[in-house]
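Trainee: Please take me through one part of this structure closely. I would like the pairing of the strands, and whatever bears on it.

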There are 2 protein chains.
Amino acid sequence: MARVVVEVMPKPEILDPQGKAISGGLTRLGFTGFGEVRQGKRFELEVDGEATEEVLAQAREAAEKLLSNPVIENVVAVRVAEDAS
Amino acid sequence: MARVVVEVMPKPEILDPQGKAISGGLTRLGFTGFGEVRQGKRFELEVDGEATEEVLAQAREAAEKLLSNPVIENVVAVRVAEDAS
């Protein structure tokens, strides 16, 4: 049983109020070394059998059609999960 | 300007209704090669200067204190971002 990881982030030009709120929270908690924070989504898709190139291509297509909103988000990674999480 | 990526996932034993809904959606769209889907969060933290080991340790502490809920979530990765996303 393999797993494919899909990572989706808001496009850079899109305002990210969630990220801004987190950035403020980090400063208040004393974490001063960080600037802008952006929050996106991470998906794990269980795959029947091996995660072949064809499966990765299917996962990328699914990411673009269902797991992300192409108007405001970019699919930034589609890869085979290395570890058990 | 470096960026640190933090990835957070729901603990395996936690029910993930969002993931179930996505899994159903994938099947309806004709993506049949996938089983269970789980959805988590992906953060990008902008770092002033280099992403040193000390910065990564700070990012992990921030992830456990602010970016995740330790009762229901695991921090599954804290790493330096390789690409521009």
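Mentor: Start with the terms. Two strands count as paired if DSSP finds at least two bridges between them. Strands are DSSP runs of E, at least two residues long, and they are numbered from the N terminus. Keep in mind that this is a predicted model.

Now the centre of the pairing. Strand E2 of chain A, residues 34–47, pairs with strand E2 of chain B, residues 34–47. The sense is antiparallel, and the pairing runs over eleven bridges. Within it, Glu44(A) stands opposite Arg38(B) in E2(B).

Helices lie on this sheet too. Helix H1 of chain A, residues 17–28, packs on it and touches E2 of chain A together with E2 of chain B. The direction of H1 makes about 120° with that of E2(A). Helix H2 of chain A, residues 53–67, also packs on the sheet. H2 touches strand E1 (2–10), E2 and E3 of chain A, together with E2 of chain B. Its direction makes about 155° with that of E3(A).

Next, the whole sheet. It is open, has six strands and pairs them antiparallel. The order is E3(A)-E1(A)-E2(A)-E2(B)-E1(B)-E3(B). Which strands stand at the edges? They are E3 (73–80) of chain A and E3 (73–80) of chain B. Each has a single partner strand, so one side of each is left without a neighbour in the sheet. On average, neighbouring strands are turned by 25° against each other, direction ignored.

Then the symmetry. A turn of 180° and a shift of 0.0 Å along the axis lay chain A on chain B, with an RMSD of 0.0 Å. The two copies are therefore related as by a two-fold rotation axis. Of the residues of chain A, Lys41(A) comes closest to that axis, at 2.2 Å for its C-alpha. Why do the copies meet through the same surface? Because 100% of the interface residues of chain A are also interface residues in chain B.

Notes:
Residues numbered from 1 in each chain as written. Chains lettered and ligands numbered in written order. Predicted model: local features only at pLDDT ≥ 70, side-chain atom pairs only at ≥ 80, totals over all residues. Heavy atoms only, no water. Helix = DSSP H or I, 4+ residues; strand = E, 2+ residues; numbered from the N terminus. Axes fitted to C-alpha atoms, helices over the stretch in contact; angles between N-to-C directions. Contact = heavy atoms within 4.5 Å. Least-squares fit on C-alpha atoms with pLDDT ≥ 70 in both.
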